[in-house]
Each structure stands twice: as structure tokens, then as C-alpha cells.
Amino acid sequence: MIIITVLEREVSSWHATLIRIPHINMKERDTALDILIDYEKNNSYLNITLNHTLTKDFSAKERGLITTLVYGTIQNRLYLEYQLEPHIHTRLKVVERMLLLMSLYQHFYLDMPDYAIVNEAVDIIKERRNKRAGGMINAILHSCFKETRSLDNLDEDTYLSISTSHPLWLVKMFKAQYGLETTKKILKADNEVPLKTGRVNTYKISRADFLKQYPAFKEGHLSKDSVLLEEGNIAHTEAFKQGLVTIQDESSQMVARLLDPSGDDIVLDMCGAPGSKTTHLGALMHNKGLIDVYDLYPHKAKLIQDNASRLGLTNIHVHTGDSTDLSLFDKKYTKILLDGPCSGLGVLSRKPEIKYHDSNIMDEIILIQSKLLENAYSLCLNGGRIVYSTCTLNKKENEKQIAAFLKKHPDIHIIKERTILPYEYHSDGFYMCLLEKDV
């Protein structure tokens with residue numbers, strides 16, 4: 001699980017209210033710019049790059065400010081580019097473009113004086129380029145700050161796209177699948193800061209006892225196992241180090257409870273990393289029974305094992321392998337969790353870069369999901385149950401995927417199906433479906 005620190009910020013209507021923050025120094029701006037350049041050049045994941053970059057050399061305040069600059073710039077990129085576009089008359093290099101976007105983010109969303117934003121930007125580019133580049137950045141920023149480009153002449157879909165920085169195809173897809181009003185709520189929620197959510201390890205301690213022992217945590221809104229931390233980092237708490245709590249979003253916590261395994265079950269988790277749902281299954285089974293969990297990559301399989309060990313769960317057996325390969329398996333299971341690969345459109349508040357990915361990738365993912373479901377069917381004992389879940393809101397990967405699966409297998413029936421939208425509980429968006437195979 002990647003742990004990063006994010007400063008609190010609020011969103012009002014389609015635009016964030018100005019975030020009051022401490023002064024941002026050159027070190028923080030330089031580091032944020034380096035991360036943004038790496039993202040732009042290498043299509044890297046922001047959370048991974050931040051985690052690798054923000055080492056002990058940075059204070060908690062510095063980590064928070066850098067994270068705010070990076071996430072804020074990418075989260076609001078389409079709006080920032082819309083404002084920048086009329087003032088650019090030549091092709092920009094990556095360094096200049098990302099510096100300008102980061103500076104515009106500070107202007108539109110942070111409570112900072114414009115002169116400070118311009119001066120710091122000019123100093124940065126002079127250091128990296130030359131005096132002439134500094135003059136160009138100075139002129140562009142002054143021009144941008146002088147006049148805010150209006151959104152009034154845009155049609156409704158384009159307005160929603162630009163004002164909330166969601167690609168037009170995504171706005172249209174959400175509208176077609178959920179309607180206009182729900183789409184507006186989803187887009188707004190995607191630009192809010194996610195809560196710091198943990199799951200109590202009920203194998204070791206009840207939530208009630210945990211909250212008495214650790215009063216900095218508060219009760220969650222959705223899952224009966226969830227807790228919220230307002231200040232600090234869950235991974236740095238003594239409770240985390242002792243294996244009494246782990247980091248997991250509330251919506252994600254509902255998946256294992258839907259499968260509802262007991263200590264008598266033989267359980268398969270087909271795509272387990274980083275192990276949040278796997279270890280939740282283990283806790284619900286009171287460390288009894290058997291869980292076989294697979295992941296495609298050795299380093300991710302190690303994450304599962306590390307999580308299981310920290311939480312004291314020994315009923316989890318970790319395997320490295322591709323669950324689309326049916327020949328890997330030598331037994332059948334009473335309960336199967338298939339938390340499949342997906343487009344991730346339910347977690348855009350945590351990973352805003354996902355919304356800029358090529359939409360065609362969903363076609364490939366849907367085929368993989370279908371193959372995994374077919375294998376889950378083959379590996380499920382008669383009378384057994386399967387939970388299929390994703391962290392996306394795309395119905396082609398969710399409801400329509402399950403409908404196609406049921407059409408192939410009339411001996412499979414839906415017991416419960418649920419979509420949690422991100423604005424309902426200030427959580428990730430999630431889809432989950434409990435299926436049962438006839439005896």
C-alpha cells in the first residue's frame with residue numbers, strides 16, 4: 001500500500017475554494033516540478049513517484065505541500081490548460097509546460113500572492129534553463145493572471161469537462177450510464193480529498209475496543225470495521241505497527257463482507273495485491289480455513305505476504321501466478337473473490353492521472369475480466385459463491401459484464417449486486433456482485 005500525505009482542501013461547486021497553506025519554498029516547488037516532469041515524460045503513477053521521492057529528507061509539512069502541488073496540478077489539468085492555451089504561441093518543452101501548469105494551479109486554487117508565484121517560477125526556470133526562458137515564463141504568467149478565460153460559451157458537456165478536468169468522453173459516458181445529476185455529483189466527488197480510512201483487524205481487536213484504545217481514530221461511515229484518522233498518517237501510528245489496523249477504503253471493505261467467508265471455507269482470491277481484501281477475508285474467518293491468493297507479479301505477492309504477516313494471519317497462502325491460466329489451480333473452492341483488473345474510474349480522487357488514460361484500454365480489460373470470470377466459474381464448487389468486484393463505475397465492466405456471464409451460465413444466480421458511488425460516503429466508487437452456483 002502506497003502511503004502519501006495530502007493537505008486538506010475543499011471543493012465548492014466546480015471550483016475549489018482557495019486553500020490556505022504555509023509559504024511554499026523553492027525546495028518544495030522544485031521537487032513538485034521534478035515529479036510532474038517525470039509523470040509527463042514517463043506516464044508514471046503519481047503515488048508511486050511521490051512515495052519514492054518524499055523520503056526522510058522532507059518534513060511532514062514539506063511532504064504535504066509537495067503532494068498538494070502535484071495532485072492539484074494533475075487533478076485540475078484540463079481547466080489549467082484551458083486557461084493557458086490562449087497565451088501560448090510556440091511549442092513548449094515539458095519543463096516549461098509543467099512549470100506553467102503548476103503556477104496556474106497556485107494562482108487559481110491556492111491562497112498565494114501572484115507576485116510570489118511568478119518570482120518563484122522565474123527563478124526555477126532561470127536555474128534550469130536561462131534568463132531568456134525566465135522572461136518568457138514571466139510574460140506568460142502575467143498574461144494569464146491578467147484575464148481569466150470564461151467558460152460561459154461552452155456547451156454543457158464541454159463545460160463539465162473543462163470545469164472539473166474530466167475528459168469529454170468520460171463525462172459523456174457517465175451521463176449515458178448515470179444521468180446528468182448523478183454525473184455532476186460524481187465529477188465533484190472526484191476532485192475532493194479522500195479520507196484517511198483504516199480497517200480494524202478484528203482478528204486481534206474489536207472496533208469498539210480499538211476506538212477506546214486509540215481515541216485519535218473515529219468511527220467510519222459505511223463499513224462496521226472502518227475507522228477514520230483526521231490528522232497524521234495511519235501507517236505511522238503505533239496501531240498500524242502492531243497490526244491492529246490496516247489502510248483500506250470503506251467501499252473496498254464491503255467486498256469481503258459480501259463474500260462472508262467462515263472458518264470452514266476454502267477460499268480463492270484471484271487478484272489479491274496489495275492484500276487489503278485478502279487480509280479482511282482472513283480476519284472474518286478468524287484465521288481459520290484456507291485462503292489461496294494469487295497475484296501476477298512477485299513484488300506484489302510479497303506485499304500480500306507482508307500485510308498478512310503484520311496482521312498476524314496465517315491462513316493465507318500466497319502464490320505468484322496469472323489467474324487467467326486455469327492450469328495453475330489444483331483444487332476447487334467454496335468461496336471465490338475476483339476483484340478484477342479494471343479502468344479504476346471509481347478512484348479518481350486518489351489517482352487523478354487515471355482519467356487521462358486512453359479510453360481504448362477498457363476494451364482489453366473487459367476481455368481479461370471475462371476470462372477471469374470463466375475461470376472463477378470452473379474453480380467454484382457447486383453450491384459455492386463468487387464475488388466479482390471492481391473499483392470502476394463503468395457499467396460495461398460491471399453490470400454488463402455480469403449480464404454476459406450469466407447468459408453463458410444459467411446455473412449462476414445473482415444474490416446481491418451493489419454500486420457505491422464516490423459521493424455517497426466520501427469513499428471510493430466500487431461495484432460488487434455476489435453470485436451463487438447451483439448445487
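Which residues have the most contacts inside the largest nonpolar core? In this predicted model, they are Ile66, Val70, Leu80, Leu84, Leu99 and Leu100, and the core they sit in has 49 residues. Seven helices give two or more residues apiece to this core: α1 (26–42), α2 (46–53), α3 (60–75), α4 (77–84), α5 (94–109), α6 (114–128) and α7 (131–146). The top contributor is α5, with 10 residues. Leu100 gives a feel for the packing here: setting aside neighbours within four places in sequence, leucine 100 touches Leu84, Ile88, Leu92, Ile137, Ile140 and Leu141. There is also a second, separate core, made of 23 residues, and Val255, Leu313, Leu337 and Phe430 are among them.

Stepping back to the whole chain, the protein has 17 helices and 13 strands. Its radius of gyration is 23 Å, close to the 22 Å that the globule rule gives for 439 residues, so the protein is as compact as a globular protein of that length. Along the principal axes, the C-alpha trace spans about 75 × 45 × 35 Å. Buried residues account for 55% of the 439. Of the contacts between residues at least 6 apart in sequence, 75% link residues at least 24 apart. As for the outside, the accessible surface is about 19,200 Å², and carbon and sulfur atoms make up 51% of that. On the charge side, the tally is 54 positive and 57 negative side chains, with the centres of the two sets 1 Å apart.

Two buried residues are worth a closer look. Phenylalanine 174 belongs to helix α9 (residues 168–178). Its relative accessibility is 0%, and because the cut-off for buried is under 20%, phenylalanine 174 counts as buried. Beyond its neighbours within four places in sequence, Phe174 is in contact with Gly179, Thr183, Ile186, Leu187, Leu345 and Leu393. Isoleucine 140, one of the contacts of leucine 100, is 34 residues away from phenylalanine 174 in sequence and 35 Å away in space, C-alpha to C-alpha.

The other one is threonine 279, in helix α14 (residues 276–284). With a relative accessible area of 1%, threonine 279 is buried too. Neighbours within four places in sequence aside, Thr279 makes contact with Arg199, Asn307, Ala308, Leu311, Leu313 and Ile316. Of these partners, Leu313 also turns up in the second core.

The backbone has a few quirks as well. A cis peptide bond, with omega at about 5 degrees, joins alanine 273 and proline 274. Proline 274 is placed in the loop between β7 (266–269) and α14. Then there is histidine 286, in the loop between α14 and β8 (290–295). Histidine 286 is not a glycine, yet it has a positive phi of about 55 degrees. This residue is exposed, at a relative accessible area of 52%.

Asparagine 43 tells a similar story in another loop, the one between α1 and α2. Again without being a glycine, asparagine 43 has a positive phi of about 55 degrees. Its relative accessible area is 51%, and because exposed means over 50%, asparagine 43 counts as exposed. The two helices flanking this loop, α1 and α2, are among the elements that feed the largest core.

Terms used: Residues numbered from 1 in each chain as written. Predicted model: local features only at pLDDT ≥ 70, side-chain atom pairs only at ≥ 80, totals over all residues. Heavy atoms only, no water. Helix = DSSP H or I, 4+ residues; strand = E, 2+ residues; numbered from the N terminus. Rg over C-alpha atoms; globule rule 2.2 N^0.38 Å. Buried < 20%, exposed > 50% of the residue type's maximum accessible area, 1.4 Å probe, protein only. Contact = heavy atoms within 4.5 Å. Areas by Shrake-Rupley, 256 points an atom, 1.4 Å probe, with all protein chains shown as cover. Lys, Arg positive; Asp, Glu negative; His and termini not counted. Charge placed at Lys NZ, Arg CZ, Asp CG, Glu CD. Core = buried A, V, L, I, M, F, W, Y, C linked by side-chain atoms within 4.5 Å.
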